[in-house]
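Me: I would like to learn how to read internal cavities and annotated sites in a model. Please go through them with me.

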Amino acid sequence: MTHTNPHDHIDAMLHETRVIAPPEAFRARARVTREEYDRRYRQSLDEPDVFWSEVASELHWMSPWSQVLDWQEPHARWFVGGQTNMAYNALDRHVAAGLGDKRAIVWEAEDGETRTLTYAGLLREVKQAANVLLKLGVQAGDRVTLYLPLIPEAAIAMLACARIGAVHSVVFGGFSVSALADRINDAQSKVLITADAGYRRGQAVGLKKNADEAARQTPSLEHMLVVRRAGCEVEWQPQRDVWWHEALEQAGGEHAAAPLDSEHPLFILYTSGSTGKPKGVQHTTGGYMVGTYLTTGEVFDLRDEDVFWCTADVGWVTGHSYSVYGPLLNGATIVMYEGAPNQPDWGRFWQIIEKHRVSILYTAPTAIRAFMQHGDEIPGRYDLSSLRLLGSVGEPINPEAWMWYWRVIGGERCPVVDTWWQTETGAIMLTTLPGAHPSKPGSAGLPMYGVEPALMTRDGQELGPDEGGLLVIKRPWPSMLRTIYGDDERYRKSYWGEIPGVYFAGDGARRDVDGYVTIVGRVDDVLNVSGHRLGTMEIESALVSHPSVAEAAVVGKPDPVKGESVVAFVLVQDGFEVDPAELRAHVSREIGALARPDAIIISSALPKTRSGKIMRRFLRQIAAGKAIEGDTSTLEDPGVLERLAATPPV
Ligand code: PRX
């Protein structure tokens, strides 16, 4: 391995030849050394029972497991027979150890309002919220949907569910009424926890109003628990609706965490797949807890005095594993910011870091690229000396953005970890460990303990170094999804049936001679827009549900900030005209603003094979403004490509 100067010309970055060693000061006191990683990684594969027992024993179990893993492909049970509780491990355990006064959550609103909850304070509210849920008739195994802004109550509600064994399903606050209704119906939730409104760019966004509308289509829903965040007027159904603050005030403050089976479901989180309907990825208690606990501690080199800020909303898996569960399991202090990164200006993140002395920042490449666009001068105005480690997640980070993050934000002092994982994997799977491994900008790196990755062809041939292929995982790991809620067949087919005997991630990648894995991107019809996962089929079905659209095909187009942007090819229904603004608003109503097409190309035909299959490959080339490459002879009318390429987007 060669060590190059990070200031070298940009060209060199794109060739991805540079290697950045862990800064010496960091390496000298890192939690994990290279030798330690090598030894433990080996052990995690050779003696998985010993390895995982050791890690799990650092947490509290109400009764011990009798078997570490029971694997009946594709179904895994981890820590079989063990009983534990996520909320107990995240809260009571630390309070019992004397950390009650330690700050658990430091929350900041867009307008600068802050609120701090200690571990003891957070535990008190979680116990009260648990009692409220019980009083509303929620029992272990029942589903509870959360539709909340990024406020402490989101974490409190998740932990309260975990405490009583209710299964939470968090729906991102930016999702539409129909997306919310679909998710409530799929999970058959009894209770919805929402807020009157959330704030975004100074505007109150009416969550209760959306929830009320969704509730008209969700017969399973019995109660709505409403957090008063904005103090705005809301409609009220006294039989159904309960104010969070009133209920908590009346609730008892005592609650003993329920001992739950290790395989008791902890949460469902909906994510996009390559077919229409989002999948309810189901995680369970013991394995997910052990996975998020271990990765947060070791990937982020966590110490008692750290202030950890993962910028993800709790509506996404990163928000579950690293804004809430992982750091709390480690007894860390978390920063939570409800607001946009450019409010009041692009210095907001750096101002928060300075104000709260954040030491670990974990964010997405799309944010890094947006900051980079606004120059080095803005972060230069703030004191970022509290930072000691930086993380990236959610999409491939281009070497240029990586270098900017390392140089401008980290001052070449803070290692950067590029962590690859998925909603399905529950916890970080590929990364470098900050004090142990050199970084190669643009490459996620090496497997975490217990993770055995490989690159394969579609027919299951394993590939050698530097050959591009499909990323698979060759054995089960504790925090893996257990099923798709209500559709085990889909679980079996999508993940363990694509290539027999291995977990199919849906990403294309390559691995170099040092074992570093570089993710290239999705190989299915899933887009990654600003780090958010969207199915092309979902957007297509939203488009065709509009009367003016006869048919639609959606593809991604490379975007310098968002990673990918949404391009929609739309066939107009006879007798209608397409109004692009109305169509974008329609997609927002159907899914959410994040799915709104950036470009719409109105056409009279789509490139189809004689059997009627749309050739998206060609549409991707057209969207990117590239020359058509590949065999067009299978198309019914090859002339359509030229016509589409000549049509300006609206
Ligand atoms: O394509 C990969 C990309 O995000 C997908 C998973 O999306 P989601 O389930 O929403 O979870 C995102 C946060 C964990 C993956 O299939 N992805 C995630 N992290 C990286 C990444 N691509 C490249 N590098 C990463 N570090």
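Me: What volume does the second largest cavity have?

Reply: A cavity is a set of points on a 1 Å grid over the protein atoms alone where a 1.4 Å probe fits but cannot get out. Grid points are joined across faces, edges and corners, and volume is the space filled by probe spheres set on the points. Here, the second largest cavity has about 60 Å³. This is a predicted model: local features need pLDDT of at least 70, side-chain atom pairs count only at pLDDT 80 or more, and totals for chains, interfaces and linings use all residues. Residues are numbered from 1 along each chain as its sequence is written, and side-chain values use heavy atoms, without hydrogens and water.

Me: Which residues are closest to the centre of the second largest cavity?

Reply: Lining residues have an atom within 4 Å of a point. This cavity has 14, with Ile-20, Pro-22, Pro-415, Val-416 and Ser-439 closest to its centre.

Me: Which positions does UniProt list as "binding site"?

Reply: Annotations may be inferred rather than shown by experiment. The unreviewed UniProt entry lists Val-544, His-546 and Val-549.

Me: Is Val-549 buried or exposed?

Reply: Buried means under 20% relative accessible area, exposed over 50%, partly exposed in between (1.4 Å probe, protein chains only). Val-549 is buried, at 4% relative accessibility. Val-544 is partly exposed, at 37%.

Me: What does Val-544 touch, beyond residues up to four places away in sequence?

Reply: Contact means heavy atoms within 4.5 Å. With that exclusion, Val-544 touches Val-549, Ala-550, Glu-551 and Ala-552.

Conventions
1 Å grid on protein atoms, 1.4 Å probe; cavity = no way out; pocket = protein on both sides within 12 Å on 5 of 7 lines; lining within 4 Å.
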